[in-house]
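This explanation leads the reader through two helix packings and then through the empty space inside the protein. The sequence and the structure are shown here for reference.

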Amino acid sequence: MKRSITQGIDILKSGGVLAIPTETVYGLAADAMNVEAVQKTFALKGRPADNPLIVHIAGLDQLHQIAETIPEEAALLADAFWPGPLTLVLPKKPAVPDIVTAGLPTVAVRMPDHPIALQIIEKAGPLTAPSANKSGRPSPTRIEHLVQDFGQEIDFVDGGECTIGIESTVLDLTERPFTVLRPGAISASQLSGVIGESVATAPDSGRQGRSPGTRYVHYKPAAAVRWLDPEGEPEANTLYILHSGSLSFHGVRQVEFNRDYNAMARQLYDLYRRADANNLTAIYIEKFPKNFREGLLQALINRIQRSVGE
Ligand code: TXA
Ligand code: MG
């Protein structure tokens, strides 16, 4: 049910769950210090208890409530990228309930760049907010996606379509080398530029184990997602997602992004969900050149690879 910001704040303060907009994707928010409220988000999502949540803050005072220590690099990154699509993993304060961090000694924290989220978090936060989808479904970037997964009863504040469309970069600052556990709109090279040291990425650091979320199937619509073979025969009942502006097919559903990767990231999960609503059997996505591996595009490719099952 659609709520005003004030009603939303009341819901959260009385231990309820509220879907809130952020610049990346919608989050299913709860009071991070209220164990029962956080439990409700795990139950609603069907999320495994060993997958920890991100705590959302609206100011640095709230960071001090959550993180035991704030290394100099965290302060530099917060200054450069917050509010924004960057999550920092830091040592946790004992006051943060174990359910939030799945028993880990660390906590993931981010300050979202969205005026509605910031207003709500300032009054009712810090708030846990996993992406507001059922576990294993694509993250929601529009209100209709929330309703698809949770029905009309879900309480939400409407912020329109999310502008980025892909979840935040998660950076672990608790061990060296500092490691990107999940790529997002802010790239490893932007991060290392600010802190003046190199930043690893999880697959090549061999540290996937540090990101509990990467163990689970994610970002998967019911339709099979496949990289497009341009020589293949066009198939019925499929969607072709193209981006180079140089391929064209006849007689198939297709979307062409003409190298607008921001638009492609913003719309990817919506296209996945539309394919399912139309009972399509497959989604074919045009491949990217190997040297296209920076920033948002790298994150976009990562999400597609995971839905392809690579
Ligand atoms: O953009 C986003 O980050 C969105 C919006 C709503 O803020 N949130 C989001 O939350 O994507 P969620 O729960 O879907 O993903 C959180 C990711 C998971 O991969 C989880 O394993 C990881 O962050 N994570 C959380 N706490 C962690 C910790 N202490 N150490 C390592 N990874 C952690
Ligand atoms: Mg998620």
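In this predicted model, helix H7 (residues 143-150) packs with helix H10 (residues 261-277) at an angle of about 45°, and their axes lie 11 Å apart. Angles from 35 to 65 degrees count as oblique, and H7 and H10 are therefore oblique to each other. Their crossing is left-handed. On the side of H7, the contact is made by Glu144, His145, Gln148 and Asp149, while H10 contributes Asp270, Arg273 and Arg274. By class, this contact of H7 with H10 holds five charged and two polar residues, and no nonpolar ones.

A second packing joins helix H4 (residues 72-81) and helix H8 (residues 188-195), whose axes are 9 Å apart and meet at an angle of about 120°. That angle makes H4 oblique to H8. The crossing in which H4 passes H8 is right-handed. Here Glu73, Leu76, Leu77, Ala80 and Phe81 of H4 meet Gln190, Leu191, Val194 and Ile195 of H8. Sorted by class, the contact of H4 with H8 has seven nonpolar residues, one polar residue and one charged residue.

The account now turns to enclosed space. Rolling a probe the size of a water molecule over the atoms reveals where empty space remains. The count comes to one cavity of 30 Å³ or more, and the largest cavity has a volume of about 30 Å³. Its lining consists of Thr169, Val180, Pro183, Gly184, Ile186, Ser187, Ala188, Thr201 and Gln298. By class, the lining of the largest cavity has five polar and four nonpolar residues, with no charged residues.

Notes
Residues numbered from 1 in each chain as written. Chains lettered and ligands numbered in written order. Predicted model: local features only at pLDDT ≥ 70, side-chain atom pairs only at ≥ 80, totals over all residues. Heavy atoms only, no water. 1 Å grid on protein atoms, 1.4 Å probe; cavity = no way out; pocket = protein on both sides within 12 Å on 5 of 7 lines; lining within 4 Å. Points joined across faces, edges and corners; volume = space filled by probe spheres on them. Nonpolar A, V, L, I, M, F, W, Y, C, P; charged D, E, K, R; others polar. Axes fitted to C-alpha atoms, helices over the stretch in contact; angles between N-to-C directions. Helix = DSSP H or I, 4+ residues; strand = E, 2+ residues; numbered from the N terminus. Parallel < 35°, antiparallel > 145°, perpendicular 65-115°, else oblique. Left-handed = near helix turned anticlockwise from the far one by under 90°. Contact = heavy atoms within 4.5 Å.
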